[in-house]
Amino acid sequence: MIKVGDKLPTMKLMKPTPDGPQEVDTGTLFAGKTAVLFAVPGAFTPTCSARHLPGFLEHYDALRARGVDEVACLAVNDVFVMGAWAASQSGGDKITFLADGSGLFTRALGLELDLTARGLGVRSQRFALIAKDGVVAHLAVEQAGGFDVSRAEAILEALPPS
(Lines give C-alpha, C1' and ligand atoms only; values in the text may rest on other atoms or scores of the structure.)
Protein backbone atom coordinates (compact mmCIF):
# COMPACT_ATOMS: atom_id res chain seq x y z
CA MET A 1 0.00 0.00 0.00
CA ILE A 2 1.20 3.50 -0.81
CA LYS A 3 2.37 5.47 2.20
CA VAL A 4 3.45 8.96 3.19
CA GLY A 5 6.65 9.86 1.36
CA ASP A 6 5.86 7.71 -1.70
CA LYS A 7 5.43 9.20 -5.15
CA LEU A 8 2.04 8.68 -6.76
CA PRO A 9 2.23 6.28 -9.69
CA THR A 10 2.32 7.89 -13.11
CA MET A 11 -0.48 6.37 -15.14
CA LYS A 12 -3.21 7.30 -17.57
CA LEU A 13 -6.71 7.91 -16.27
CA MET A 14 -9.75 9.36 -18.00
CA LYS A 15 -11.68 12.47 -17.07
CA PRO A 16 -15.01 13.66 -18.39
CA THR A 17 -15.04 17.03 -20.14
CA PRO A 18 -17.72 18.96 -22.05
CA ASP A 19 -15.94 17.82 -25.23
CA GLY A 20 -15.99 14.15 -24.24
CA PRO A 21 -13.54 11.86 -22.43
CA GLN A 22 -9.99 13.13 -22.08
CA GLU A 23 -6.89 11.17 -21.09
CA VAL A 24 -5.05 12.49 -18.04
CA ASP A 25 -1.50 11.65 -17.05
CA THR A 26 -1.31 11.54 -13.24
CA GLY A 27 2.33 12.61 -13.25
CA THR A 28 1.42 15.78 -15.12
CA LEU A 29 -1.82 16.38 -13.21
CA PHE A 30 -0.15 16.41 -9.80
CA ALA A 31 3.26 17.87 -10.77
CA GLY A 32 4.17 21.08 -8.99
CA LYS A 33 0.86 21.24 -7.11
CA THR A 34 -0.59 20.65 -3.72
CA ALA A 35 -3.40 18.24 -4.46
CA VAL A 36 -6.14 16.46 -2.60
CA LEU A 37 -7.14 13.14 -4.12
CA PHE A 38 -10.08 11.35 -2.60
CA ALA A 39 -11.45 8.03 -3.73
CA VAL A 40 -14.85 6.48 -3.40
CA PRO A 41 -15.99 2.87 -3.87
CA GLY A 42 -18.40 4.00 -6.58
CA ALA A 43 -20.14 6.92 -8.22
CA PHE A 44 -23.83 7.20 -7.35
CA THR A 45 -23.43 4.98 -4.26
CA PRO A 46 -25.15 6.23 -1.08
CA THR A 47 -22.34 7.55 1.15
CA CYS A 48 -20.29 8.70 -1.82
CA SER A 49 -23.14 10.74 -3.29
CA ALA A 50 -24.77 11.98 -0.10
CA ARG A 51 -21.71 12.78 2.03
CA HIS A 52 -18.23 12.21 0.62
CA LEU A 53 -18.32 14.17 -2.65
CA PRO A 54 -20.69 16.85 -1.31
CA GLY A 55 -18.29 17.50 1.58
CA PHE A 56 -15.45 18.27 -0.82
CA LEU A 57 -17.73 20.50 -2.88
CA GLU A 58 -18.87 22.32 0.26
CA HIS A 59 -15.31 22.84 1.51
CA TYR A 60 -13.70 23.46 -1.88
CA ASP A 61 -13.06 27.17 -1.23
CA ALA A 62 -11.59 26.41 2.21
CA LEU A 63 -9.27 23.80 0.66
CA ARG A 64 -8.14 26.32 -1.97
CA ALA A 65 -7.58 28.90 0.78
CA ARG A 66 -5.26 26.40 2.50
CA GLY A 67 -3.09 26.16 -0.61
CA VAL A 68 -4.70 23.23 -2.45
CA ASP A 69 -4.30 23.67 -6.21
CA GLU A 70 -6.16 20.54 -7.33
CA VAL A 71 -9.04 18.56 -5.84
CA ALA A 72 -9.66 15.26 -7.60
CA CYS A 73 -12.16 12.46 -7.07
CA LEU A 74 -11.21 8.94 -8.14
CA ALA A 75 -13.47 5.94 -8.65
CA VAL A 76 -13.21 2.59 -10.38
CA ASN A 77 -15.99 3.54 -12.78
CA ASP A 78 -15.94 4.36 -16.47
CA VAL A 79 -15.54 7.94 -17.65
CA PHE A 80 -19.18 8.20 -18.75
CA VAL A 81 -20.45 7.25 -15.29
CA MET A 82 -18.04 9.76 -13.75
CA GLY A 83 -19.28 12.43 -16.15
CA ALA A 84 -22.91 11.74 -15.29
CA TRP A 85 -22.07 11.79 -11.57
CA ALA A 86 -20.19 15.10 -11.90
CA ALA A 87 -23.19 16.60 -13.72
CA SER A 88 -25.66 15.28 -11.14
CA GLN A 89 -23.61 16.80 -8.30
CA SER A 90 -22.78 20.06 -10.13
CA GLY A 91 -19.14 19.49 -9.29
CA GLY A 92 -17.27 19.31 -12.57
CA ASP A 93 -16.18 22.94 -12.52
CA LYS A 94 -14.36 22.53 -9.20
CA ILE A 95 -13.38 18.92 -8.78
CA THR A 96 -11.50 16.86 -11.35
CA PHE A 97 -13.34 13.56 -11.74
CA LEU A 98 -10.95 10.72 -12.55
CA ALA A 99 -12.17 7.44 -13.97
CA ASP A 100 -9.98 4.44 -13.17
CA GLY A 101 -12.14 2.16 -15.30
CA SER A 102 -10.04 -0.99 -14.93
CA GLY A 103 -8.77 -0.17 -11.45
CA LEU A 104 -5.11 -0.14 -12.52
CA PHE A 105 -4.24 3.09 -10.68
CA THR A 106 -6.11 1.94 -7.59
CA ARG A 107 -4.25 -1.39 -7.71
CA ALA A 108 -0.92 0.43 -8.13
CA LEU A 109 -1.75 2.35 -4.94
CA GLY A 110 -2.52 -0.94 -3.17
CA LEU A 111 -5.94 0.41 -2.18
CA GLU A 112 -8.30 -1.89 -4.07
CA LEU A 113 -11.39 -3.29 -2.38
CA ASP A 114 -12.91 -6.57 -3.54
CA LEU A 115 -16.68 -6.19 -3.53
CA THR A 116 -17.26 -9.06 -5.94
CA ALA A 117 -19.43 -10.89 -3.41
CA ARG A 118 -21.75 -7.85 -3.38
CA GLY A 119 -21.92 -7.68 -7.18
CA LEU A 120 -19.70 -4.62 -7.50
CA GLY A 121 -16.41 -6.16 -8.62
CA VAL A 122 -13.08 -4.75 -7.50
CA ARG A 123 -13.34 -1.10 -6.47
CA SER A 124 -11.30 1.42 -4.51
CA GLN A 125 -11.21 1.65 -0.77
CA ARG A 126 -12.53 4.95 0.52
CA PHE A 127 -9.53 7.20 1.13
CA ALA A 128 -8.18 10.71 0.81
CA LEU A 129 -4.64 11.91 0.47
CA ILE A 130 -2.71 15.13 0.20
CA ALA A 131 0.13 15.14 -2.30
CA LYS A 132 2.76 17.80 -2.82
CA ASP A 133 4.36 17.67 -6.24
CA GLY A 134 3.08 14.11 -6.61
CA VAL A 135 4.49 12.88 -3.28
CA VAL A 136 2.06 11.71 -0.60
CA ALA A 137 2.19 14.04 2.40
CA HIS A 138 -0.91 12.69 4.18
CA LEU A 139 -2.89 9.49 3.68
CA ALA A 140 -6.21 8.63 5.32
CA VAL A 141 -7.71 5.23 4.51
CA GLU A 142 -11.09 4.32 5.96
CA GLN A 143 -11.76 1.10 7.80
CA ALA A 144 -14.34 -1.09 6.04
CA GLY A 145 -17.67 0.73 6.08
CA GLY A 146 -16.16 3.80 7.73
CA PHE A 147 -16.52 7.45 6.84
CA ASP A 148 -14.37 9.54 9.16
CA VAL A 149 -10.72 10.08 8.23
CA SER A 150 -11.30 10.75 4.52
CA ARG A 151 -13.99 13.40 4.98
CA ALA A 152 -13.27 16.87 3.63
CA GLU A 153 -13.28 18.25 7.17
CA ALA A 154 -10.58 15.78 8.26
CA ILE A 155 -8.45 16.67 5.24
CA LEU A 156 -8.83 20.38 6.05
CA GLU A 157 -7.57 19.67 9.55
CA ALA A 158 -4.52 17.87 8.09
CA LEU A 159 -3.55 20.89 5.97
CA PRO A 160 -1.37 23.61 7.50
CA PRO A 161 -3.21 26.84 8.29
CA SER A 162 -2.97 29.51 5.61
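Two aromatic pairs are found in this structure, which is a predicted model. A pair of aromatic rings is described by the distance of the centres and the angle of the planes. Keep both values in mind as you look.

Start with F38 and F56. Their ring centres are 4.0 Å apart, and their planes meet at 5°. Planes under 30 degrees apart count as stacked, so this pair is stacked. Now trace the chain between the two rings. F38 belongs to strand β3, residues 34-40. F56 belongs to helix α2, residues 46-58. The two residues are 18 residues apart, and the pair links distant parts of the chain. Are these rings buried or exposed? F38 has a relative accessible area of 0%, so F38 is buried. F56 also counts as buried, because its relative accessibility is 0%.

Turn to the other pair, W85 and F97. Here the centres lie 5.9 Å from each other, with 80° between the planes. This pair is edge-to-face. W85 sits in helix α4, residues 79-89. F97 sits in strand β5, residues 96-99. They are 12 residues apart, and this pair too links distant parts of the chain. Both W85 and F97 are buried.

Next comes the nonpolar interior. The largest nonpolar core has 27 residues. Which of them touch the most other members? They are F38, F56, L63, W85 and I95. Three of these names come from the aromatic pairs: F38 and F56 from the stacked pair, and W85 from the edge-to-face pair. Many elements feed this core. β3, α2, α3 (60-65), β4 (70-75), α4, β5, β8 (127-132) and α6 (152-158) each supply at least two residues. Take I95 as a place to look around. Leaving out residues up to four places away in sequence, I95 touches F38, L53, F56, L57, V71, A72 and C73. Both rings of the stacked pair, F38 and F56, are on that list. There is also a second, separate core of 20 residues. Its members include V24, L74, L98 and L129.

Now find S124. This residue lies in strand β7, residues 121-124. S124 counts as buried, because its relative accessibility is 0%. What does S124 contact, aside from its neighbours within four places in sequence? The contacts are A39, V40, P41, V76, T106, L111, E112 and L113.

Two of those contacts, P41 and L113, lead on to the pockets. Rolling a probe the size of a water molecule over the atoms shows where empty space is left. The largest pocket holds about 400 Å³ of space. Its lining has 17 residues, and P41, L113, R118, R126 and G145 lie nearest its centre. α2 and β6 (112-115) each supply at least two lining residues. α2 gives the most, with three. By class, this lining has eight nonpolar, six polar and three charged residues.

The second largest pocket holds about 190 Å³. Its lining consists of K15, P16, T17, P18, G83, A86, A87, G92, I95, T96 and F97. Two of these names are familiar. I95 is one of the core residues that touch the most other members, and F97 is the partner of W85. α4 and β5 each supply at least two residues of this lining. The largest share, three residues, comes from α4. By class, there are six nonpolar, four polar and one charged residues.

Notes: Residues are numbered from 1 along each chain as its sequence is written. This is a predicted model: local features need pLDDT of at least 70, side-chain atom pairs count only at pLDDT 80 or more; totals for chains, interfaces and linings use all residues. Side-chain values use heavy atoms; hydrogens and water are left out. Rings of Phe, Tyr and Trp (its six-membered ring) pair if their centres lie within 6.5 Å; planes under 30 degrees apart count as stacked, over 60 as edge-to-face and the rest as tilted. Helices (H or I, at least four residues) and strands (E, at least two) are DSSP runs, numbered from the N terminus. Buried means under 20% relative accessible area, exposed over 50%, partly exposed in between (1.4 Å probe, protein chains only). A nonpolar core is a set of buried Ala, Val, Leu, Ile, Met, Phe, Trp, Tyr and Cys residues joined through side-chain atoms within 4.5 Å. Contact means heavy atoms within 4.5 Å. On a 1 Å grid over the protein atoms alone, a cavity is a set of points where a 1.4 Å probe fits but cannot get out, and a pocket is an open set with protein on both sides within 12 Å along at least five of seven lines; lining residues have an atom within 4 Å of a point. Grid points are joined across faces, edges and corners, and a volume is the space filled by probe spheres set on the points. Ala, Val, Leu, Ile, Met, Phe, Trp, Tyr, Cys and Pro count as nonpolar, Asp, Glu, Lys and Arg as charged, and the others, Gly among them, as polar.
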